[in-house]
Amino acid sequence: MRHIISILIENEAGALSRVAGLFSARGYNIESLTVAPTEDASLSRMTLVTRGSDDIIEQINKQLNKLIDVVKVMDLTEGLHIEREMMLIKVRAEGGEAREEVKRLSDIFGGRILDVSEKTYIVELTGNARKLDSFIEALGPVPILETVRSGVSGIARGEKSLQA
């Protein structure tokens, strides 16, 4: 099962390396990883996506809590949460028909065209992974030249929060 794990971690050199090392040493895969400072400059928030049974995820959470830099761990998939990912996608858009189709799809999916050249468009799209995948699929025959995805960012809904 897919799990989104949020980690509040001290903003110290090597902290990210220790978390990644924990996963690689145990043969666990990280599907997505985002890290950025929080409102407290001494802390960073790490959001990672991994897959595993409940037992494996429980083991991961216990191991993460043992790391000296880790302040708090929360499995967002245990409750209501919001997750988003940002994608930049460069597509070949030559000719009026292809250009109109990319613009139409961008509008339908709530994207923004950030850059226009004679032969390409760069589209920015934000949403859950399913939405981004659906946009790629909807492009159909439109040639994709490059895709960049941010990885998942997530936050618990309601009163539940990841704070020190």
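A salt bridge is a side-chain nitrogen of Lys or Arg within 4 Å of a carboxyl oxygen of Asp or Glu. The views below come from a predicted model.

**View 1. The salt bridge between E101 and R104 lies within helix α3.** The side chains of E101 and R104 meet with a distance of 2.9 Å from N to O, which satisfies the definition because the limit is 4 Å. Both residues belong to helix α3, which covers residues 96-108. They are three residues apart, about one turn of the helix. E101 is partly exposed, with a relative accessible area of 27%. R104 is likewise classed as partly exposed, at 42% relative accessibility.

**View 2. L105 is a buried residue of helix α3.** Is L105 buried or exposed? L105 counts as buried because its relative accessible area is 5%, and buried means under 20%. When neighbours within four places in sequence are set aside, L105 is in contact with F135, A138 and L139. L105 is also 43 residues away from K62 in sequence, and the two C-alpha atoms are 44 Å apart in space. K62 is shown in the next view.

**View 3. K62 and E58 form a salt bridge in helix α2.** The closest N and O atoms of K62 and E58 are 3.2 Å apart. Helix α2 comprises residues 54-66 and holds both partners. They are four residues apart, which is about one turn of the helix. K62 is partly exposed, with a relative accessible area of 47%. E58 is also partly exposed, at 42% relative accessibility.

**View 4. R112 and E124 form a salt bridge between two strands.** The closest N and O atoms of R112 and E124 are 2.9 Å apart. R112 lies in strand β6 (residues 112-116) and E124 in strand β7 (residues 120-127), so the pair ties together parts that are 12 residues apart in sequence.

**View 5. E85, D133 and R149 are linked in a network of salt bridges.** How many salt bridges does a search of the whole structure find? The search finds 11. The pairs in the preceding views are among the contacts of this kind, including K62 with E58 and R112 with E124.

**View 6. Four strands form an open antiparallel sheet.** In which order do the strands of this sheet stand? The order is β2-β3-β1-β4, and the pairing is antiparallel. The edge strands are β2 (32-37) and β4 (70-75), each of which pairs on one side only. On average, neighbouring strands of the sheet are turned by 15° against each other, direction ignored. Strands of a sheet pair through backbone hydrogen bonds, either parallel or antiparallel. Strand β1, residues 2-10, pairs with β4 in the antiparallel sense over five bridges. Within this region, L8 stands opposite K72 in β4.

**View 7. Helix α1 lies across three strands of the sheet.** Helix α1 covers residues 15-25. The strands that it lies across are β1, β2 and β3. Relative to β3, the helix runs at about 20°.

**View 8. T50 is a buried residue of strand β3.** Strand β3 comprises residues 43-51, and T50 has its place there. T50 is buried because its relative accessible area is 0%, where buried means under 20%. Which backbone oxygen lies 2.6 Å from a polar atom of the side chain of T50? It is the backbone oxygen of N29. Apart from its neighbours within four places in sequence, T50 is in contact with M1, R2, H3, I5, F23, N29, I57 and I60. Several elements shown in other views meet T50 in this list: R2 and H3, for instance, are among its contacts.

**View 9. The whole chain places the close-ups in context.** The secondary structure of the chain comes to four helices and nine strands. From the N terminus on, the elements run β-α-β-β-α-β-β-α-β-β-α-β-β. Along its principal axes, the C-alpha trace spans about 60 × 35 × 35 Å. Of the 164 residues, 36% count as buried. Among contacts between residues at least 6 apart in sequence, 74% join residues at least 24 apart. The accessible surface of the chain comes to about 9,400 Å², and 50% of this surface belongs to carbon and sulfur atoms.

Methods. Residues numbered from 1 in each chain as written. Predicted model: local features only at pLDDT ≥ 70, side-chain atom pairs only at ≥ 80, totals over all residues. Heavy atoms only, no water. Buried < 20%, exposed > 50% of the residue type's maximum accessible area, 1.4 Å probe, protein only. Polar contact = N/O pair within 3.5 Å; in protein donor to acceptor, adjacent residues only side chain to side chain. Contact = heavy atoms within 4.5 Å. Pairing = 2+ DSSP bridges. Axes fitted to C-alpha atoms, helices over the stretch in contact; angles between N-to-C directions. Areas by Shrake-Rupley, 256 points an atom, 1.4 Å probe, with all protein chains shown as cover.
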